[in-house]
Amino acid sequence: MSVEDALVIVATLLQQKCLSNVQELVFRHSWEGQTYQEIAESCGYDVAYIRNVGSKLWQLLSKAVGENVTKSNFQPLLRQRALRTVRESSHFVPPVLSTVEDKNISGDAQPDWLDAANFRSFQRVTTNQQQDWGEAADVSVFYGRIEELATLERWIVKQRCRLVTLLGMGGIGKTTLAVKLAEQVQNKFEYVIWRSLRNAPLVEDILAELIRFLSREQEVELPVTVDGKISRLISYLRSTSCLLVLDNVEAILLSGECVGCYRAGYEGYGDLIRRVGEVNHQSCLILTSREQPEEVTLLAGETLPVRSLQLTGLNQIEGQEIFKAKGLLGLEQEKQKLIDYCRGNPLALKIVATSIQELFANKIADFLEQNTVVFNGIRHLLERQFNRLSNLEKQIMYWLAINREPILPAQLKENFIPPVSTAKLLEALESLKRRSLVERSSGGFTQQPVIMEYITNKIIEQVCEEIATEEVSLLMSHALIAAQAKDYIRKSQVRAILAPIAERLLANTGCQHLEHQLQRMIVKLQEKVSNSPGYGGGNVINLLHQLQFDLTGYDFSNLTIWQAYLAETNLHQVNFTNSNLAKSIFAENLNTILAMAFSPDGKLLATGDVSGMICLWQVADSKPLLSWKGHIGWVYALSFSPNGQIASGSSDCTIKLWDVSNGQCCQTLQGHNHWIRSVAFSPDGYTLASSSGDQTVKLWDVHTGQCHQTLQGHTGWVYAVAFSPNGQTLVSGSGDKTLRLWDVTTGQCLQILQGHTSWVHSVAFSPDSQSLASGSDDRSVKLWNVSTGQCYQTLQGHSSSVFCVAFSSDGHTLASGSEDKTIRLWDTYSGRCYQTLQGHTSWIWSVSFAPQPYANNSNGQIASSGEDRTIRLWDVTTGQCLKTWQGYSNYIVSATFSPDSKMLATNGGDGTVRLWDVTSGQCLKTLQGHTSWTTSASFSPNGQILASGGGDRVVRVWDVTSGRCLKTLQGHTNWILSLSFSPDGYTLASGSKDKSLRLWDVSQGRCYQILSGHTSWVWFVVFSPDGHTLASGGEDQTVRLWDIHTGRCLKILQGHTSPVVSLAFSPDGQLLASSSSDRTIRLWEVGSGQCLKTLQGHTDWIRSVAFIANGQILASSSDDQMLKLWNVSTGECFRTLDGHQVWLWSVAISPDSKILATGSEDETIKLWDIKTGECLKTLRVTRPYEGMNITAAKGLTEAQKTTLKVLGAIDISIPATPLLLNNNLKAKQHE
């Protein structure tokens, strides 16, 4: 149960009464486990006052409940009351029995908490609606609008209008009326959804949210196009009745003369509105806007299903209700005159009433005598009100508009330069609240949309003026965006503030002159305010990035650079010498994160990646605290002990124990003879469990480092282990499709749980040790009863393998992460998926709930990591991404020479294909278009065409000369791992993780044959020199030879004991070399299929093999960092070349047999002389921070500095650098 759920229960118990703002604040923070002292400090109140408020709150609840309610027992009491109420209602949802095995589980065996489905019954005892009210306002105080409500209800309920627009000026009450209307008609609809467009979300995001909600989170693979998403939404609006409200539509419309037109990038909303209005369905879309979208203008009519209602001001009776609430004094005619003065605008009436209270002793007549200027709109009124504010109050108004959502006083205080006292800040906030310029909610202080828009426009106007005059004020005192803010807030700040400033500056100044202006401002900041605190430096950098100016060679030395978001900015040769970079965000050196774990207190997050690195992150500010090279292989597993020690497991077959304070290795545990896939500490921290590809589970004494038990029984890799919270039982999940339960004391296998139809990747115990969750390659999550060993729930919804599962600390929610790029949150009681988290662009390897009490609400936060080199932190309640750690890495996955040996094509982790000049070592072209890793490339025999494929499941065909994409070949349903052109250039073969090979007619861009036979991934495909045979190597450990003309499998070559990952035909086509993760190379006679030789010498995966033109030498590259040259006749290795720092992914030999190229995980390509073994050149892609000078920079942790250096930064002393760079900058200004 979340705090929002609890507040609904409280509201029901109190009936007509409601909590005050401070009571609700105390309730929320107490729910999170905070003490009165902590509440007082975080919210800016006196602790005695907070304690007194709390005491009265518990007394109030005690009276309502009929039991003694205290700060320590109010949570369980409310849960029990809620569950009792639901069980007594006719809408109680019993446990779902989803399989035959479930039928022996009693429906009475219910947990003592309230699940989400039943809580909705508690909220709506008489309906079965699904409702999501988003940011809908509280309308408990509502004035008049009786006629309007009646009209609107008639349109929607009786006349079945499908599109209704509420129009009116800012502050007129459109939003309030829409909420009241929705509340009145909600029982006529199965679904109610409210969404605010105030922060201008993209239509793609809104459509995805709506479809997921209406599909009850079952829709994951949505149409790619906006049109497709709209069609999908329309189908739901037809099949169900939905009341959909889009508030603040003016936020996506253009300002200026083009009334009703859309901002660039938001035209899709017009298509949505038009189709909802044109197409017949049983739902209704309500829009609120200050101006009418052009589609509504065309479709609306008095007898048509599309209507518009223009709101006017409140009448005399309704307006006087506001005066009465404010205590104003005056004659009836004076009140009427004041209402006329404000045009009946509710917001204007409140603001004027506040002025009368403060300046005219509540007397309307005195105010009317002083004001002779005719009111000309809400903006004029706000302008006059704003000009009367103190400097501190103005600063607060700016900060609230920048923040875009409610903020607590303590958080607001941290932004001020110079600092402001808590007492003055609270006093100013209360003053603004009395003036009706700010509102207070449980989340803190914020502004009404019309006021926020007005202040935002003032910010834009003032910043543009300051840049034009090169005299800074607001630019120094306020950050235009908060780099460290929640992701969705930062993006909103860019859309609402930074982008409009950039657009206006470009329109007024022109590109070249504007860049020179900003450059001069940098110099002035360095000369006048060197090292003084302020946001000027960060604001200028953010503007330069938004304007897409090339920052190469810029000098930002000796500046305070706060809140600069630089994670997606190239900073080549930029000078940050002696700058203060605190509160700024840079890209991280993140590779694919395979393992992740929160510290017991939730303040640290540990990650392990495929480069063997282990990193510790501070969750609060996203900064890296420590990082170290933990292993020489992939880090597959991490676990924190109860006392904060870290255990890691790797593909190097070792387990290591680490001291968190310094990153030092305390112990290395050895005993497994294959990759370590999972580690877990026992609850008491004395025992460590590990699982491995060697099909065993081992139990280790943490103190001595000795293995005291080896648990055997599984017949496949053991991918996951987990201790029960009571420490008595261990569960393991395996590639043999089973889970096993083990007695920790005796090592005996207690039960074998069967039900999955493919590998079990992940297991987790519920907090009460009664249930188990497992995730599998069969796309399902299963919940198991630990006592009986029966599966009592199968959770389906993922469209691909489920790699990770995790329970929330209360056991009510289960999170699962999948190859389908989504995280699903499941209600463990009902088995319903209630939230789908989307944002990752590739597989999700790990999910972990933040431990209590760190999480900011009772449902908490969840971290996820994936193949896309990002870590994301999510709010479980809203599903919004709060933080993203954006990584950068560019492995060289494959390399291939052009037929003339002059060019080299490389694939990498950044989704591009690069073409290099072999002689000069220069990058000639970067081919962009793929949306994920590129894994393979192949030149056509004439060298004019290049084909590439990767994680986005498509093949792109490029013109090598122009770099233009000629065709996109679609058909594969998973990653494309290998490509090969036929010798005649007409056919392209592709191999994929979808287990298939495809043959494509390149000229027509169509697949003409699909070859099936492999039972798992197809790692590699290659044509024989004569073009008649195609060879393929697979995860199923086999090599298959195919007749290219008939598509028939000619032979299956067996012998490898692990996946076959690379193949190469000898130049005469008589031999086929295959390499495998079993660390061997096999040489096969193609005609007979006989294995002639097995070459041994590598100590890890052999990623790639290639024949030299004469067929007498074979080259191989391996994860052991070695390049080996083999004599084919003898099978002996005669040369080993060592130069790369980490794994070698690829080897390629030039057609003229002079040069050998290797590509590595260290992001370099090395060119070797085949005869001498000499390394001729090392090619490297320019990193994002190449040459960036951070000498003496402040505000960076040592781990941050290390990361920046890996990404190209330098930290050295450069004499006279500032003067030199300033001169260069000034010279650049006059180019």
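Here are a few notes on this predicted model, covering its domains, one helix and one sheet.

1. Domains. The assignment splits the protein chain into domain 1 (3-83), domain 2 (130-312), domain 3 (484-493 + 505-587 + 1184-1214), domain 4 (590-648 + 658-669), domain 5 (649-657 + 670-883) and domain 6 (894-1054). Note that domain 3 is pieced together from separate segments, including 1184-1214. Going by C-alpha atoms, the centres of domain 2 and domain 6 lie 47 Å apart.

2. Shape of α23. This helix runs over residues 487-509, 23 residues in all. Its end-to-end C-alpha distance is 31 Å, close to the 33 Å expected at 1.5 Å a residue. Where does α23 bend? The spot is V494, and the angle there is about 40°. Just past the helix, G510 has a positive phi of about 95°.

3. Surroundings of α23. Plenty to look at here: the buried residues of the helix include D487, R490, Q493, I497, L498, I501 and L505. Packed against the buried residues of α23 you'll find the helices α18 (391-403), α21 (449-469), α24 (511-528) and α25 (536-546), plus the strands β9 (565-566) and β38 (881-886).

4. The β31-β34 sheet. It's an open, antiparallel sheet of 4 strands, ordered β31-β32-β33-β34. β31 (802-807) and β34 (833-838) are the edge strands with a single partner each, so one side of each has no neighbour in the sheet. From one strand to the next, the twist averages 20°.

5. The β31/β32 pairing. β31 pairs with β32 (residues 813-818) through 5 bridges, in the antiparallel sense. If you want one pair to check, V802 has S818 in β32 as its bridge partner.

Key. Residues numbered from 1 in each chain as written. Predicted model: local features only at pLDDT ≥ 70, side-chain atom pairs only at ≥ 80, totals over all residues. Heavy atoms only, no water. Domains from an automatic or database assignment. Helix = DSSP H or I, 4+ residues; strand = E, 2+ residues; numbered from the N terminus. Expected span 1.5 Å × (residues − 1). Bend = angle between axes of the 7 residues up to and from the residue. Buried < 20%, exposed > 50% of the residue type's maximum accessible area, 1.4 Å probe, protein only. Contact = heavy atoms within 4.5 Å. Pairing = 2+ DSSP bridges. Axes fitted to C-alpha atoms, helices over the stretch in contact; angles between N-to-C directions.
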